[in-house]
Amino acid sequence: MMKLPFLLLLLLSAPALAAPRAAYVLRIEGADAFVDLGRADTAQPGERLRVYRVIEARHPATGKVLRDRFLLGEVTVLEAGETLSRISAPDELLARMEVGDEVEQVNPQAPRERPTSPGAATPAQPSAIASAGPSDAERAALRTAWNTVLKLPPAERAKVWEGFLANWPQSDLAGPIRTEISLLREAPVASSTTKVPASPVAPVLKVSAPTSALTDELITVSLSSLAGATPRAVMVHWRERGSPTYRTVHMSAEPHGHFRATLPKEAVVEPGIEYYVEAVEPAGATLAAAGLPSRPQHITIRRPPRDERIEYRNRSRVRVSNEYVDFNRFKGNDVYNLFEADFLYRVYTTVHAVRVGFGNYRGTGTPRDQLDDPTIPGQEVGYTYGFSELELRLHPSLALLLKGTAGVTSDGLRGGFDVGLRIGSETGTSLLIRGANIADIGQRGSLALSWDAVKNWPMSAEVVVTNEPIGEDLGVRLIYTVGRSITPWLDVAGRVSYQLRDINHSGLGFGLGTTFHW
């Protein structure tokens, strides 16, 4: 009597093992689309695939969910990877395709057969035919009968199995079920006052997920209920490798006890992610289906080889800016103007970026104790220079900036330097600390906080301590900058500042900048 449950579970899971794996359209990018059929699925360049649109609708009278699929057209495999393929489709078909459409090979390659020994069953024999497994209707009938007999005495169990055989006489389990019926008929009859306790049905759940994936690739996790009660809900909890907290995605229920969820795009990050799956039983209890919070499953994430689209995007930048700064209420005796233009190229190695450019500095300065005397002329200064800067990436969130300048002042050839330390992301939220010596102009120290909390509106706030433009008295500058992304390759920025030497000597400043990047 113990062989029947194992044979039943094997028969229930046979279609999942024998049927071809369902494939889907994962991504549409320009004239290309990507599907989860690769060389492991016998896909090869030039092969024809059929694309289907799956439709589900609830019948208004019966309440049943009806599911069917309709052919959209055929596509061609351009490039077959290990697990993914890049496909090409006619323009009219590509315009109709959507992520999630099913994909099927037109002429799937037959799997290799093992060598047969003399007397072994040929493909025409019943043993090969049985490998196709039962239909969904027979599986549902088997599940219903199995869950019913667990709550009945032996005689009633025999009647249930007899009823099943009457409806499915050609079942692959007909022989074992008849044996089970004979054993149940021979079992002693229980007293009419004795109740047969209902045996709890232990659910059999199978979780499927890839062990590795490529960046910019969607990861799908699925669960199949092979026996027992179908879960009421299923959740997959994931986190970046090394992160202390998990995020949760609820799986969508599909027919015949299947659940599926696609992790968000931000989950596909190097070097990998960790996850575990939980199922909620109809009674409300939570069951671990795969992994535990303390012992999660792992998916390795790596970058695809020769992916130039990822390696070379957003590498170059040209920036032009001009700033006017006044320390004494537009009286013209403590003021300077700075114009700069530069070109930056990101190397994406330890030397993260290289920047070169030129600038022109013109100003007039007066010692603070003489600012209120209109008879004393201001000292004019100027510096026309070129510069180069290296950004060394010490850590993904830590960079060292080294800048050197050389140019001409009224006293001849002069040089300067600038050292900075950035904490955070170059294009996101960061804190930048800088210190500079500017030829005969003076010294400058600054602390700037940048953020991009509002999409396409980067902003920054900065505090500067400097003795520009003549290197005499210290002043403090408060600067606020707002940028705006006009197009994917053009940004503009404006800045306003307030600076003062003391309570009686202060002024405003303004600046504009334009950035081209590609």
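**Strands S21 to S28 in a predicted model**

In this predicted model, S21 and S22 run antiparallel and are joined by twelve bridges. The connection between S21 and S22 is a hairpin through two residues, and within the pairing Lys403 stands opposite Asp418 of S22.

On its other pairing, S21 meets strand S20, which spans residues 379-395, again in the antiparallel sense and over twelve bridges. A hairpin of two residues leads from S20 to S21. Here Glu391 is the residue that stands opposite Leu401 of S21.

The side chains of S21 (residues 398-409) follow an alternating pattern. In a regular strand, side chains alternate between the two faces of the sheet. One face of S21 carries Ala399, Leu401, Lys403, Thr405, Gly407 and Thr409, which are buried. The opposite face carries Leu398, Leu400, Leu402, Gly404, Ala406 and Val408, which are not buried. Lys403, the partner of Asp418, thus belongs to the buried set, as does Leu401, the partner of Glu391.

Beyond S22 (412-424), a loop leads to strand S23 (430-438), and Gly428 lies in this loop. Gly428 is separated from Trp451 by 23 residues in sequence, yet their C-alpha atoms are 5.6 Å apart. Setting aside residues up to four places away in sequence, Gly428 touches Ser450 and Trp451.

Further along the chain, Gln499 lies in strand S27, which covers residues 490-502. Is Gln499 buried or exposed? Gln499 has a relative accessible area of 0% and, because this is under 20%, counts as buried. Its side chain makes a polar contact of 3.0 Å with the side chain of Ser497. A polar atom of the Gln499 side chain also lies 3.1 Å from the backbone oxygen of Leu508. Apart from neighbours within four places in sequence, the contacts of Gln499 include Val325, Asp326 and Phe327, as well as Val476, Arg477 and Leu508.

Leu508 is placed in strand S28. With a relative accessibility of 35%, Leu508 is partly exposed. Leu508 also takes part in a nonpolar surface patch, whose members include Tyr324, Phe330, Val476, Tyr498 and Phe510. Together, the residues of this patch have about 1000 Å² of accessible area. Strands S25 (459-466), S26 (475-487), S27 and S28 (505-517) each contribute at least two residues to the patch. S26 gives the largest share, three residues. Leu508 therefore links two parts of this description: its backbone oxygen lies 3.1 Å from a polar side-chain atom of Gln499, and Leu508, at 35% relative accessibility, is a member of the nonpolar patch.

Conventions: Residues are numbered from 1 along each chain as its sequence is written. This is a predicted model: local features need pLDDT of at least 70, side-chain atom pairs count only at pLDDT 80 or more; totals for chains, interfaces and linings use all residues. Side-chain values use heavy atoms; hydrogens and water are left out. Helices (H or I, at least four residues) and strands (E, at least two) are DSSP runs, numbered from the N terminus. Buried means under 20% relative accessible area, exposed over 50%, partly exposed in between (1.4 Å probe, protein chains only). A polar contact is a pair of N or O atoms within 3.5 Å; within protein, one must be able to donate a hydrogen and the other to accept it, and residues adjacent in sequence count only if both atoms are side-chain atoms. Contact means heavy atoms within 4.5 Å. Patches are made of residues with over 30% relative accessible area and no salt bridge: like charges are joined within 9 Å, nonpolar side chains (Val, Leu, Ile, Met, Phe, Trp, Tyr) within 5 Å. Accessible areas come from the Shrake-Rupley method with a 1.4 Å probe; for residues, only the protein chains shown count as cover. A salt bridge is a side-chain nitrogen of Lys or Arg within 4 Å of a carboxyl oxygen of Asp or Glu. Two strands pair if DSSP finds at least two bridges between them.
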